[in-house]
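Hi everyone, thanks for having me. Let me put the structure up on the screen, and then we'll walk through it together.

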Amino acid sequence: MSHYRTAQLATASGYSVQQVRDLERLGVIPPAGRGANGYRQFTDEHLLALRAYRSLATAVGPVVARQTLRDVRALPLAEAAARVSELHVLLAKERRDVLAALSAVRAIQAEAPVEADEEPMSITQLADALGVRSSTLRFWEQEGLVVPERVTSQAARRYPPAAIREARIAAALRAAGYRIPDVRRTIEAVRRHADLDDLAETLHDRLTTIAQRTVSLLTAGTAITHLIAP
């Protein structure tokens with residue numbers, strides 16, 4: 001088994017000396033041993049943990065990566081393996097959601113052009129068509145995602161074709177896990193350009209990013225396997 005001082009471990013792992021110390025303090029790697037001279041002494045296990053952390057942080061973010069590496073060292077083998085498996089499930093769900101959003105966008109693009117005299121929808125009709133609650137449409141209105149018309153003395157909402165289209169886009173993006181500010185920026189762009197091609201391209205880019213993160217997770221998993229294997 002190889003032994004490393006802090007600077008040697010930093011060089012081998014690609015981290016700085018301070019980052020190695022910080023990651024030790026945060027529990028990403030086990031506490032270092034001490035040599036006869038009192039200096040920190042690291043091993044191949046520490047190097048492996050640092051490499052696992054680098055890939056894991058790329059895949060799921062540094063916060064989750066730190067917690068995962070702390071967990072897998074402390075948990076029994078079956079639970080540690082399940083902990084890593086859950087991360088694959090989450091990434092797979094992200095991919096499914098983006099594919100669903102892309103499919104929805106393509107379906108909207110394939111629809112016949114909106115006619116100015118097309119029949120508007122009530123809030124109940126639109127909620128049923130999208131499979132969401134009426135309260136969700138009211139919330140989207142508050143956030144500026146959808147702009148209905150107001151009719152009758154009770155100020156009931158009526159959604160003209162343009163608002164229906166925006167609601168469909170909002171539903172597709174929310175299903176893909178996009179946050180409200182991201183949805184708002186996208187819809188504002190669509191309002192400016194009246195074109196969904198940019199949105200479709202964004203979703204394709206998201207799929208590529210998820211694929212890259214999945215590869216990083218697989219790389220991290222290989223290192224973690226050696227860390228937790230009996």
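Let's start with a small one: which glycine takes a positive phi just after H7? That would be glycine 144, with a phi of about 80°. And keep in mind as we go that this is a predicted model.

So how confident is the predictor here? The protein chain averages a pLDDT of 87, and 93% of the residues score at least 70. If you go element by element, H3 has the highest mean pLDDT, at 95, while strand E5, residues 149-151, has the lowest, at 77.

Okay, back to H7, since we've already met its glycine. This helix covers residues 134-142, and its buried residues are Leu137, Trp140 and Glu141. Look down the axis of H7 and those buried residues fall within an arc of 105°, so they line one face of the helix. If you're wondering about the spacing, here's the general idea: an α-helix has 3.6 residues a turn, so residues three or four places apart point the same way.

Now go to the other helix I want to show you, H2, residues 17-25. Which residues are buried there? They are Val20, Leu23 and Glu24. Viewed down the axis of H2, the buried residues sit within an arc of 105°, so again they line one face of the helix. And what do they pack against? Helix H1 (6-13), strand E3 (40-43) and helix H3 (44-60). H2 is followed by a glycine with a positive phi too: glycine 27, at about 85°.

Hold on to Glu24 for a second, because glutamate 24 counts as buried at 15% relative accessibility, and it's a charged residue with a partner. Glutamate 24 and arginine 40 meet through their side chains in a salt bridge, 2.9 Å from N to O. Arginine 40 lies in strand E3 and glutamate 24 in helix H2, so this pair ties together parts that are 16 residues apart in sequence. Arginine 40 itself is partly exposed, with a relative accessible area of 28%.

Since E3 has come up, let's look at its sheet. There are 3 strands in an open sheet, in the order E1-E3-E2, with antiparallel pairing. Strand E1 (3-4) and strand E2 (33-34) stand at the edges with a single partner strand each, so one side of each has no neighbour in the sheet. Zooming in, E2 and E3 pair over 2 bridges, in the antiparallel sense. Which residue of E3 stands opposite glycine 33? It's glutamine 41.

Back to the salt bridges. How many are there? The count comes to 11. One of them joins the side chains of glutamate 94 and arginine 213, at 3.0 Å from N to O. Here glutamate 94 lies in helix H5 (residues 77-110) and arginine 213 in helix H10 (residues 197-228), so the pair ties together parts that are 119 residues apart in sequence. Glutamate 94 is partly exposed, at 23% relative accessible area, whereas arginine 213 is buried, at 18%. This pair also belongs to a network of salt bridges that links Glu94, Arg206 and Arg213.

Here's another salt bridge, between arginine 179 and aspartate 182, where the closest N and O atoms are 3.5 Å apart. Is arginine 179 buried or exposed? Exposed, with 54% relative accessibility.

One more charged residue: glutamate 166, in helix H8 (residues 161-175). Glutamate 166 counts as buried, at 12% relative accessibility. So what is around it? Leaving aside neighbours within four places in sequence, glutamate 166 is in contact with Leu145, Val146, Val147, Ile187 and Arg191.

Last stop, the aromatics. The structure holds 1 aromatic pair. The rings of tyrosine 15 and tyrosine 53 have their centres 6.5 Å apart and their planes at 40°, so the pair is tilted. To call a pair stacked, the planes would have to be under 30 degrees apart, and edge-to-face needs over 60. Tyrosine 15 sits in the loop between H1 and H2 and tyrosine 53 in helix H3, 38 residues apart, and the pair links these distant parts of the chain. Buried or exposed, these two? Both tyrosine 15 and tyrosine 53 are buried.

That's my tour, thanks for listening!

Conventions: Residues numbered from 1 in each chain as written. Heavy atoms only, no water. Buried < 20%, exposed > 50% of the residue type's maximum accessible area, 1.4 Å probe, protein only. Helix = DSSP H or I, 4+ residues; strand = E, 2+ residues; numbered from the N terminus. Arc of directions from axis to C-beta. Contact = heavy atoms within 4.5 Å. Pairing = 2+ DSSP bridges. pLDDT = per-residue confidence, 0-100. Salt bridge = Lys/Arg side-chain N within 4 Å of Asp/Glu carboxyl O. Phe/Tyr/Trp six-rings, centres within 6.5 Å; stacked < 30°, edge-to-face > 60°.
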